[in-house]
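Open the model in your viewer and follow along, one selection at a time. Each stop says what to pick and what you will find there.

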Amino acid sequence: AAPPPLRRAWQSSTLLVGASEQREASAPPASLGRVHARLAELLLAGGTPTQTEGEGDVFSAAYHLVCAAAAGEPRALRDLRSMLRGLTGDEVLPGVQLAQLCTEEEQSAAAAACAALGPLLASAGDAAALLDFAEAERAKGELAGAEEWLRGAVEAVRAGGAFGDAVLHSCLKRLSEVQLERGEAAEAAATLAAAAEAARDAGAFKLGMKWDMEATAMEE
C-alpha cells in the first residue's frame with residue numbers, strides 16, 4: 001500500500017529557501033545529500049536498526065528528503081518538486097505525496113519552496129530547471145543569458161539528465177533559435193544540424209530531415 005500523504009508542507013519551505021539563498025556561498029558537500037537521501041529510502045522501507053522490519057516511517061523519511069534536497073541531491077530535488085506540484089515522489093520516496101494544501105498559509109509556503117527549488121535544481125544540472133531559466137531570460141529579451149542556460153540544458157541532457165537523450169533534439173532546437181535571434185546564423189545552422197541528427201537518433205526521422213533542410217538554408 002502507498003504510504004500516507006505528508007502534512008505541514010510549509011515546514012520544508014524555510015530550509016529550502018535558505019538553502020537556495022546560501023547555495024553559492026556555502027554549498028554543502030554532495031556526499032551529505034546522498035547520505036540524507038539514503039536515510040530517507042531506508043526509513044520509508046523500514047530498513048533502519050530502530051524500526052520494525054517493513055514498517056516505514058514516512059515523516060522521518062520526509063525530513064531527510066528535505067535535508068537531501070537542501071544539500072542539492074538531484075533525485076531528492078526532483079521528488080520534492082513533484083510532491084509540491086501535487087504528484088507523488090518517484091526516485092527517493094516513491095508513492096509519497098503531500099496532503100492537499102487547503103489553507104492560504106500552506107499554499108503560500110509550498111509556492112515559496114517550489115520557487116526555491118529552481119536554483120537548486122539548475123545547479124544540480126536538472127534539464128527542466130535549466131530550460132525554465134532559459135525561457136525566462138528569453139522572454140525578457142536577455143538572449144545571451146538564455147543561450148547560456150540552454151547550453152547548460154544541452155550538457156545536462158547529454159550527461160544523462162532527468163529527461164534522457166530523447167529530449168536532446170528539442171534543447172538543441174531551442175538553442176538554435178536563440179542563436180539565430182542573436183544574429184549568429186552560422187552557429188545557429190550548426191546547432192540546428194546537430195538537432196536534426198539528435199532527432200533522427202531519437203526516431204524522429206521526418207523532423208530530422210526538415211531541420212536539415214532549414215540548417216542548409218541558413219548557411220546559404
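Start with the whole surface: the protein exposes about 11,500 Å², and carbon and sulfur atoms supply 53% of that area (Shrake-Rupley method, 1.4 Å probe; for residues, only the protein chains shown count as cover). This is a predicted model, in which local features need pLDDT of at least 70 and side-chain atom pairs count only at pLDDT 80 or more, while totals for chains, interfaces and linings use all residues. Residues are numbered from 1 along each chain as its sequence is written, and side-chain values use heavy atoms, leaving out hydrogens and water.

Now switch to a cartoon view. You will find 10 helices and zero strands (DSSP runs, H or I of at least four residues for helices and E of at least two for strands, numbered from the N terminus).

Next, look inside. Of the 220 residues, 42% are buried (under 20% relative accessible area; exposed is over 50%, partly exposed in between, with a 1.4 Å probe and protein chains only). Select L65, L80, L84, V92 and L93: these touch the most other members of the largest nonpolar core, which has 50 residues (buried Ala, Val, Leu, Ile, Met, Phe, Trp, Tyr and Cys joined through side-chain atoms within 4.5 Å). Helix α7, residues 143-158, gives this core its largest share, seven residues.

Zoom in on L93. Leaving aside residues up to four places away in sequence, L93 touches A40, L44, A61, A62, L65 and D79 (contact means heavy atoms within 4.5 Å).

Then select α7 itself. Its end C-alpha atoms are 22 Å apart, which agrees with the 22 Å expected for 16 residues at 1.5 Å a residue (1.5 Å times one less than the number of residues). Colour its buried residues, among them L143, L150, V154 and V157. The buried residues of α7 pack against α6 (127-139) and α8 (168-181). Just after α7 comes G160, with a positive phi near 90°.

Where is the last stop? Find the one aromatic pair in the structure. The ring centres of F133 and W149 are 4.6 Å apart and their planes lie at 20°, so the pair is stacked (centres within 6.5 Å, using the six-membered ring of Trp; planes under 30 degrees apart are stacked, over 60 edge-to-face, the rest tilted). F133 belongs to α6 and W149 to α7, so the pair ties together parts 16 residues apart in sequence. Both are partly exposed: F133 has a relative accessible area of 26%, and W149 has 28%.
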